[in-house]
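Visitor: I've got a new model to look through and some time to spare. Could you walk me round it?

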Amino acid sequence: MTSPDPRPAPLDLNLLHIVLALHEECSVSRAAERLGMSQSTLSGALAKLRASLNDPLFIRAGGEMRATDKALALLGPIQSMLATVRDDILAEGEFSPAGQTGTITIALSDAGEVVFLPRLLEAVRAEAPGVAIRSEDIPHEELEAALESARVDLAIGYFPDLARANIVQQLLMRHHDVCLLRADHPMAAGDTLTRAQFLELEHAVVRPRGRSQEIFEQHLKQQRIERKVVLTTPHFMSIPAIIARSDLVATVPHAIGMVYARPEHGLKAVRAPFQPAPTELRQHWHRKFNKSPRTLWLRRIVAGLFNEEQDEWKDRTTGVTKDRGQV
């Protein structure tokens, strides 16, 4: 004959709140109602606790459930444990940007740095002077993992590869492309290049590691439009010097064109003759940080700075109006 196992059943810590409810209500039915469970469920849980603690915990006396000495001894530790969970684990502390330190990492392309980084740095430093910002150009196949591991806090720009279940995104604004020419170029007299002029010109083409030029390039391919490409570069940085010293044209993202078309660069931005769908610029973060106070604060800043209502670029276009979904 097998002797009974003298060891108590494992203690389920999730059931300890039942001890507190029964002590305060002195009734199985009232305790069950308070905890949102049936009487049978509460009775079953109490049975498990009795087996684990080797004590009846509550006995019926005068029509009420009265705690045993062991149950009374448990009340203090249970209340302390539940308070710790409530106050230190579940409660969200007040987030103060001014008291933050460390580094915020943003995934940006080189074009994205021109559009987003100057204003973002200014706004973050105004609210959190102890915080530094690091911009990283991360390969698209590594970006989701970087967001999940918190190596990157936000990815801002055009990242179509981040259309994933665990990545949350918010549309900021839509931008198109413009053509950059030397300011005194004969074909820069108007505000728009014709199709014939676009095909006649020689082109400098930027093919960055990111995908910021993808929509325009795909449009040309679909329309079977072939340019006279004499220069290909992965960087936007060299474009102003190249265009200013040549008769080449470069098609670049709208915000890049507005920066480079300033008088000091000697360039002019004009409308491209081909207008594919605009590029949607978004901020992206991992779902696991959706309620993180730090991420919420950073997302608020980004959304407040960059949106279609306050897009600083759209009022500085040269003949480019917000039609057909363009900015």
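Visitor: Let's start with helix 5 and helix 11: in which hand do they cross?

Guide: Keep in mind that this is a predicted model. Helix 5 packs against helix 11 with the axes 10 Å apart. As for the hand, helix 5 passes helix 11 in a crossing that is right-handed.

Visitor: And are those two helices roughly perpendicular or oblique to each other?

Guide: Their packing angle is about 135°. Roughly perpendicular would need 65 to 115 degrees, and roughly antiparallel over 145. Helix 5 and helix 11 are therefore oblique.

Visitor: Which residues of helix 11 does helix 5 meet there?

Guide: On the helix 5 side, the residues involved are R119, L120, A123, V124 and E127. Take L120: beyond its neighbours within four places in sequence, its contacts include I301, V302 and L305, along with I106 and I156. Overall, the helix 11 residues met by helix 5 are W297, L298, R300, I301, V302 and L305.

Visitor: Which element gives the largest share of the largest nonpolar core?

Guide: That core has 27 residues, and I106, F116, L120, V124 and I156 have the most contacts inside it. Strand 3, helix 5, strand 5, strand 6, strand 12 and helix 11 each supply at least two of its residues. The largest share, 6 residues, comes from helix 5.

Visitor: Strand 5 is on that list, so which of its residues are buried, and on which side?

Guide: Side chains in a regular strand alternate between the two faces of the sheet. In strand 5, both faces are covered. Buried on one side are L154 and I156, and on the other A155 and G157.

Visitor: Which strand runs antiparallel to strand 5?

Guide: Strand 3 pairs with strand 5 in the parallel sense over 2 bridges, and A107 has A155 as its bridge partner. The antiparallel neighbour is joined to strand 5 by 3 bridges, and its R282 stands opposite G157. That neighbour is strand 12.

Visitor: Now the open sheet of 3 strands: which strands stand at its edges, and why is one side of each left without a neighbour?

Guide: The order is 10-7-11, with antiparallel pairing. Strand 7 and strand 11, for instance, share 5 bridges, with R182 partnered by L267 in strand 11. Each edge strand has a single partner strand, so one side has no neighbour in the sheet. The edges are strand 10 and strand 11.

Visitor: Last one: by how much are neighbouring strands in this sheet turned against each other on average?

Guide: Here the strands pair in the antiparallel sense, but direction is ignored for this angle. On average, the turn between neighbouring strands is 40°.

Note on methods. Residues numbered from 1 in each chain as written. Predicted model: local features only at pLDDT ≥ 70, side-chain atom pairs only at ≥ 80, totals over all residues. Heavy atoms only, no water. Buried < 20%, exposed > 50% of the residue type's maximum accessible area, 1.4 Å probe, protein only. Helix = DSSP H or I, 4+ residues; strand = E, 2+ residues; numbered from the N terminus. Pairing = 2+ DSSP bridges. Core = buried A, V, L, I, M, F, W, Y, C linked by side-chain atoms within 4.5 Å. Contact = heavy atoms within 4.5 Å. Axes fitted to C-alpha atoms, helices over the stretch in contact; angles between N-to-C directions. Parallel < 35°, antiparallel > 145°, perpendicular 65-115°, else oblique. Left-handed = near helix turned anticlockwise from the far one by under 90°.
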